[in-house]
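Subject: Structure for your review

Dear colleague,

Please find below the structure that I am handing over to you. My notes on what was found in it follow directly after.

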Amino acid sequence: QVQLVESGGGLVQAGGSLRLSCAASGSIFSINAMGWYRQAPGEQRELVATITSGASTDYADSVKGRFTISRDAAKNTVYLQMNSLKPEDTADYYCNARIRTASWSLREYDYWGQGTQVTVSS
């Protein structure tokens, strides 16, 4: 009963910026990590950035220095600030969260958002 709702995608010119948001709701005891993945047409899905509950971050080499992932724990929301966008950033972006859903179980589950399209024109 966990849902991830994404927003913020759209069309932007090369060099521009976008900010993606992903809010988790439902049966959430704790969120251990959240991240963003992307998939371009004809390509495999790839990890873009992740952030843990301890605020440790990891980025794909292709976005380091341009993208910033952050988290608002009180709102169960993760953000992806994308600056200096390039045409090769064009893809469908998916939010992921690893969530513990009950206080009585340590088991974690992966949940995915519906995806939001990012198109960068040249």
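Which residue of β8 is the bridge partner of Asp72? The partner of Asp72 in β8 is Thr77. Before I say more about these two strands, please note that the model is predicted.

**Overall picture**

The protein has 0 helices and 11 strands, and its pattern along the sequence is therefore written with β alone, as β-β-β-β-β-β-β-β-β-β-β. Its C-alpha atoms fill a box of roughly 50 × 25 × 25 Å along the principal axes. For 122 residues, a compact globule would have a radius of gyration near 14 Å, and the protein agrees with this, having 14 Å. Buried residues account for 38% of the 122 residues. The accessible surface is about 6,600 Å², and carbon and sulfur atoms hold 44% of that surface. If we take the contacts between residues at least 6 apart in sequence, 57% of them join residues at least 24 apart.

**The four-stranded sheet**

Strands of a sheet pair through backbone hydrogen bonds, either parallel or antiparallel. In this protein, an open sheet of 4 strands is arranged in the order β1-β3-β8-β7, and the pairing is antiparallel. At the edges stand β1 (3–7) and β7 (67–72); each has a single partner strand, so one side of each has no neighbour in the sheet. On average, neighbouring strands of this sheet are turned by 15° against each other, direction ignored.

The pairs can be taken in the order of the sheet. Between β1 and β3 there are 5 bridges, and the two strands run antiparallel. Here Leu4 stands opposite Ala24 of β3. Strand β3 (residues 18–25) is joined to β8 by 6 bridges, again antiparallel, and Arg19 has Gln81 of β8 as its bridge partner. Strand β8 (residues 77–82) is joined to β7 by 6 bridges, also antiparallel. In this last pair, Ile69 is partnered by Leu80 of β8, just as Asp72 is partnered by Thr77.

How much of β8 is buried? Of the 6 residues in β8, 5 are buried, so the strand is mostly covered, where buried means under 20% relative accessible area.

In a regular strand the side chains alternate between the two faces of the sheet. The edge strand β1 has a covered face with Leu4 and Glu6, and an uncovered face with Gln3, Val5 and Ser7.

**The nonpolar core**

Which residues touch the most other members of the largest nonpolar core? They are Leu4, Trp36, Leu80, Met82 and Tyr93, in a core of 30 residues. At least two residues each are supplied to this core by β3, β4 (30–39), β5, β7, β8, β9 (91–100) and β11 (116–121). The strand that gives the most is β9, with 5 residues.

Met82 is a useful residue to select on your screen. Leaving aside residues up to four places away in sequence, Met82 touches Gly16, Ser17, Leu18, Leu20, Arg66, Phe67, Tyr93 and Val118. Tyr93 is itself one of the core members listed above.

**Residues in the loops**

Most residues other than glycine have a negative phi, and most peptide bonds are trans. Two loop residues have a positive phi without being glycine. Ala55 has a phi of about 75° and is located in the loop between β5 (46–52) and β6 (57–59). Ala55 is exposed, with a relative accessible area of 54%. Asn76 has a positive phi near 50° and lies in the loop between β7 and β8. These two strands form a hairpin with 4 residues between them. With a relative accessible area of 24%, Asn76 is partly exposed.

Finally, is Glu88 buried or exposed? Glu88 is exposed, its relative accessible area being 55%. Glu88 sits in the loop between β8 and β9. Although Glu88 and Thr119 are 31 residues apart in sequence, their C-alpha atoms are 9.0 Å apart in space.

Yours faithfully,

A colleague

Notes:
Residues numbered from 1 in each chain as written. Predicted model: local features only at pLDDT ≥ 70, side-chain atom pairs only at ≥ 80, totals over all residues. Heavy atoms only, no water. Pairing = 2+ DSSP bridges. Axes fitted to C-alpha atoms, helices over the stretch in contact; angles between N-to-C directions. Buried < 20%, exposed > 50% of the residue type's maximum accessible area, 1.4 Å probe, protein only. Rg over C-alpha atoms; globule rule 2.2 N^0.38 Å. Contact = heavy atoms within 4.5 Å. Areas by Shrake-Rupley, 256 points an atom, 1.4 Å probe, with all protein chains shown as cover. Core = buried A, V, L, I, M, F, W, Y, C linked by side-chain atoms within 4.5 Å.
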